[in-house]
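Visitor: I am new to reading protein models and would like to go through one step by step. Could we take it as questions and answers?

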Amino acid sequence: MVPLNFPEYKFRFKSSENNVRIFDTIRKKFVVLQPEEWVRQHVVNYLVIEKKYPKSLVNVEKQLIINNIKKRYDVVVFNSDGSIHILVECKAPEISISQITFDQIARYNLELKADFLMVTNGLDHFYCKMDFTSEKYTFLRNIPDFSR
């Protein structure tokens with residue numbers, strides 16, 4: 001896998017069924033290592049190790065329904081009240097971040113109402129703070145650290 005624009009993290013790998021798997025500490029299981037999964041695992045470590053979000057507030061790859069269509073989000077970080085604090089959209093490193101990517105996460109967020117958005121392909125990261133009153137988002141330099 002290609003080096004990403006994140007701090008270096010230690011991961012657990014295993015080979016099985018002719019593919020490499022990486023251990024997901026949130027789902028507590030090995031998952032097939034694809035380029036997007038490589039990015040997702042870096043994001044999870046970044047949120048937990050660098051930004052100090054408790055693993056108990058982080059969720060990975062769950063289904064949601066938008067306009068009666070089943071979709072999956074990549075990573076969310078919950079607030080302690082169960083609302084969503086951060087919604088993360090991960091792309092494989094070879095996929096450039098475009099307006100289409102932002103439109104996708106914005107559609108998801110109409111349903112989820114996250115306070116912050118993060119879009120990354122592991123090389124380029126974009127962070128936004130939502131303003132639901134004026135229906136806009138403001139770009140930030142980084143996502144906020146965890147605070148109680």
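Guide: What follows is a set of questions and answers about this predicted model.

Visitor: How far apart are the end C-alpha atoms of helix α1?
Guide: Helix α1 covers residues 35-50, which makes 16 residues. At 1.5 Å a residue, a helix of this kind should span 22 Å. The value from the model agrees with that: 22 Å.

Visitor: How many residues of α1 are buried?
Guide: Buried means under 20% relative accessible area. The residues of α1 that meet this include E37, W38, R40 and Y46. The helix is largely enclosed by the rest of the structure, because the number of buried residues among its 16 is twelve.

Visitor: Which residue just after α1 takes a positive phi?
Guide: The place to look is just after the helix α1. The phi there is about 70°, and the residue is K52.

Visitor: Which strands stand at the edges of the sheet β1-β2-β3?
Guide: Three strands form this open sheet, and the pairing is antiparallel. An edge strand has a single partner strand, so one side of it is left without a neighbour in the sheet. The two strands in that position are β1 (13-16) and β3 (29-32).

Visitor: At what angle does α1 run to β2?
Guide: Neighbouring strands of this sheet are turned by 40° against each other on average, direction ignored. Helix α1 packs on the sheet and touches β1, β2 and β3. The direction of α1 makes an angle with that of β2 of about 20°.

Visitor: Which residue stands opposite S16 in β2?
Guide: β1 and strand β2 (residues 19-24) run antiparallel and are joined by four bridges. In β2, the residue opposite S16 is N19.

Visitor: In what order do the strands of the six-stranded sheet lie?
Guide: This sheet is open, and its pairing is mixed. The edge strands, each pairing on one side only, are β4 (58-66) and β9 (136-140). From one strand to the next the twist averages 35°. The order is β4-β5-β6-β7-β8-β9.

Visitor: At what angle does helix α2 run to β6?
Guide: Helix α2 takes up residues 99-112. It lies across β4, β5, β6, β7, β8 and β9. Its angle to β6 is about 150°.

Visitor: Which residue in the hairpin of β7 and β8 takes a positive phi?
Guide: β7 and β8 run antiparallel, joined by five bridges. One pair across them is V119 opposite F126. The hairpin has four residues between the strands, and the residue with a positive phi, near 90°, is G122.

Visitor: And in the turn between β8 and β9, which residue has a positive phi?
Guide: β8 and β9 also pair in the antiparallel sense, over five bridges. M130 has Y137 in β9 as its bridge partner. Four residues lie between the two strands of this hairpin, and the one in the turn with a positive phi of about 55° is E135.

Visitor: Is D74 buried or exposed?
Guide: D74 sits in strand β5. Its relative accessible area is 4%. The cut-off is under 20%, so D74 is buried.

Visitor: With which side chain does the side chain of D74 make a polar contact?
Guide: Leaving aside neighbours within four places in sequence, the contacts of D74 include E36, R40, N59 and C90. A polar atom of the D74 side chain lies 2.7 Å from the backbone nitrogen of C90. The polar contact with another side chain is at 2.5 Å, and the partner is R40.

Visitor: How many residues apart in sequence are the parts that the pair Y53 and F146 ties together?
Guide: The two rings form an edge-to-face pair, 5.6 Å centre to centre with 70° between the planes. Y53 lies in the loop between α1 and β4, and F146 in the segment after β9. Y53 counts as buried at 3% relative accessibility, while F146 counts as partly exposed at 24%. The separation in sequence is 93 residues.

Visitor: What is the angle between the planes of F102 and F126?
Guide: F102 belongs to helix α2 and F126 to strand β8, 24 residues apart. Their centres are 5.7 Å apart. The pair is edge-to-face, and the angle between the planes is 75°.

Terms used. Residues numbered from 1 in each chain as written. Predicted model: local features only at pLDDT ≥ 70, side-chain atom pairs only at ≥ 80, totals over all residues. Heavy atoms only, no water. Expected span 1.5 Å × (residues − 1). Buried < 20%, exposed > 50% of the residue type's maximum accessible area, 1.4 Å probe, protein only. Pairing = 2+ DSSP bridges. Axes fitted to C-alpha atoms, helices over the stretch in contact; angles between N-to-C directions. Contact = heavy atoms within 4.5 Å. Polar contact = N/O pair within 3.5 Å; in protein donor to acceptor, adjacent residues only side chain to side chain. Phe/Tyr/Trp six-rings, centres within 6.5 Å; stacked < 30°, edge-to-face > 60°.
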